[in-house]
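Hi everyone, thanks for making time this morning. I'd like to walk you through one structure, so let me put it on the screen.

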Amino acid sequence: MELYFFLFFATVATVSGVSMIIQRNPVYCVLLLIMVMISLAGLFLMLNAQFVAIIQIVVYAGAIMVLFLFVIMLLNLSREEWGTFRIQRPVAVILSAALLVPLVTMFFSKSTKDATTTINENTLGLGEVEQIGALLFTKYLLPVELAAVLLLIAIVGAVVLTRHGTIITED
Amino acid sequence: MIPISYYLILSAILFLIGVTGVLIRRNAIIVLMCIELMLNGANLSFVAFAKQYGSADGHIYVFLAITIAAAEAAIGLALVILLFRNKGTVNIDEVKSLRW
């Protein structure tokens, strides 16, 4: 049963991802990427990561992708023309497919098997909000603070960049 | 329980779809979206390993990766809007002032 769920979500994610990079209408691209994220949220649920799954839907699909959609509609983009370098597309696809080979061999190599056979069956409470909150405010306090500063910088940077008028000569 | 290799292979496939998209698309916004797809592929392997080792540290890293993705999307889209305002296009082949 679990395997069927995995295959379903994996197929949806892969097919949506591939359609996203061949779809020429930018709005459909955003919707397909949201499909990928929702199926990934399903996979996160299967991996005992309830909180991350909710964050994936609320923050990623709900906020970040809507930002993309907003900008696409703001710029009123037409359908995309393909690039001027015709050779680039087949070469890119072939090189990416070739990169899959070493990655998969690495996952099936002996050292990876040794590292991944130490299964911790005790997944009780894993991924619950209580555990994640405790980690965020003790062990990972400094990274969380730094992430907050990073978000502040991003907000200020976005506002400064898109402001009308010159930036440097103003007093 | 599904072996962790399945999740890792799926995450590699998603990452490579993102890489391919960055290489073949010419629309700057869609290039940014493909970067988000690559980040999602990496997040999947973090969560898979968190389940494997029964520790929630991987979830924290996913949390921080989503934060970074949000910051990157905000700055990237601001740059795309600036680009459109100055050049009238978001096609990255036509933005070549720094290319000789």
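Let's begin with chain A: reading from the N terminus, its elements go α-α-α-α-α-α-α. That is seven helices and zero strands. Before I go on, please keep in mind that this is a predicted model. Chain A has 171 residues, and 35% of them are buried. If you take the contacts in chain A with a separation of 6 or more, 58% are between residues 24 or more positions apart.

Let me pick out one helix of chain A. Helix H2 of chain A covers residues 26-46, which makes 21 residues. From the first C-alpha to the last, H2(A) reaches 31 Å, close to the 30 Å you would expect at 1.5 Å a residue. Is H2(A) enclosed by the rest of the structure, or not? Largely enclosed, because 15 of its 21 residues are buried.

Now follow the chain just past that helix. Leu47(A) sits in the loop between H2 and helix H3 (50-75) of chain A. Leu47(A) has a relative accessible area of 3%, so it counts as buried. What is Leu47(A) in contact with, once we leave aside its neighbours within four places in sequence? The answer is a set of chain B residues: Tyr7(B), Leu44(B), Val47(B), Ala48(B) and Lys51(B). There is a link within chain A to point out as well: the C-alpha atoms of Leu47(A) and Gly127(A) are separated by 8.8 Å, and these two residues are 80 apart along the chain.

Next comes Asn48(A), which is also placed in the loop between H2 and H3 of chain A. Asn48(A) is not a glycine, yet it has a positive phi of about 60°. With a relative accessibility of 18%, Asn48(A) counts as buried, because the cut-off is under 20%.

That brings us to how the two chains meet. In chain B, 70 residues are in contact with 84 residues of chain A. The area buried between the chains is about 7,000 Å², and carbon and sulfur atoms give 78% of it. Between chain B and chain A there are also twelve residue pairs in polar contact, counting pairs with both residues at pLDDT 80 or more. Which elements of chain B give two or more residues to the side that touches chain A? They are helix H1 (4-24), helix H2 (28-53) and helix H3 (57-87) of chain B. H3(B) provides the largest share of that side, 24 residues. Sorted by class, the side of chain B that touches chain A has 51 nonpolar, eleven polar and eight charged residues.

A word on H1(B), one of those helices. H1(B) has 21 residues and reaches 30 Å from first C-alpha to last, close to the expected 30 Å. Of those 21 residues, 16 are buried, so H1(B) is largely enclosed by the rest of the structure.

I've saved the charged pairs for the end. As a reminder, side chains of opposite charge can pair when their charged atoms come close. Over all chains, the structure holds two salt bridges. One salt bridge is counted between chain B and chain A. Its partners are Asp57(B) and Lys139(A), with the closest N and O atoms 2.6 Å apart. Asp57(B) lies in helix H3 of chain B, while Lys139(A) lies in the loop between helix H6 (129-137) and helix H7 (141-162) of chain A, so the pair joins two chains. Are these partners buried or exposed? Asp57(B) is buried, with a relative accessible area of 16%, whereas Lys139(A) counts as exposed at 55% relative accessibility.

Asp93(B) also forms a salt bridge, with Arg26(B), and here the closest N and O atoms are 3.2 Å apart. Asp93(B) is in the segment after H3 of chain B and Arg26(B) is in the loop between H1 and H2 of chain B, so this pair ties together parts that are 67 residues apart in sequence. Both Asp93(B) and Arg26(B) are buried.

So, to leave you with one picture: Asp57(B) and Lys139(A) pair across the two chains, and Leu47(A) is in contact with chain B residues, including Tyr7(B). Thanks for listening, and I'm happy to go back to any part of it.

Methods:
Residues are numbered from 1 along each chain as its sequence is written. Chains are lettered from A and ligands numbered from 1 in the order in which they are written. Side-chain values use heavy atoms; hydrogens and water are left out. Contact means heavy atoms within 4.5 Å. Buried area is the accessible area (1.4 Å probe) that two parts lose on being put together, summed over both. A salt bridge is a side-chain nitrogen of Lys or Arg within 4 Å of a carboxyl oxygen of Asp or Glu. A polar contact is a pair of N or O atoms within 3.5 Å; within protein, one must be able to donate a hydrogen and the other to accept it, and residues adjacent in sequence count only if both atoms are side-chain atoms. Helices (H or I, at least four residues) and strands (E, at least two) are DSSP runs, numbered from the N terminus. Ala, Val, Leu, Ile, Met, Phe, Trp, Tyr, Cys and Pro count as nonpolar, Asp, Glu, Lys and Arg as charged, and the others, Gly among them, as polar. The expected span of a helix is 1.5 Å times one less than its number of residues. Buried means under 20% relative accessible area, exposed over 50%, partly exposed in between (1.4 Å probe, protein chains only).
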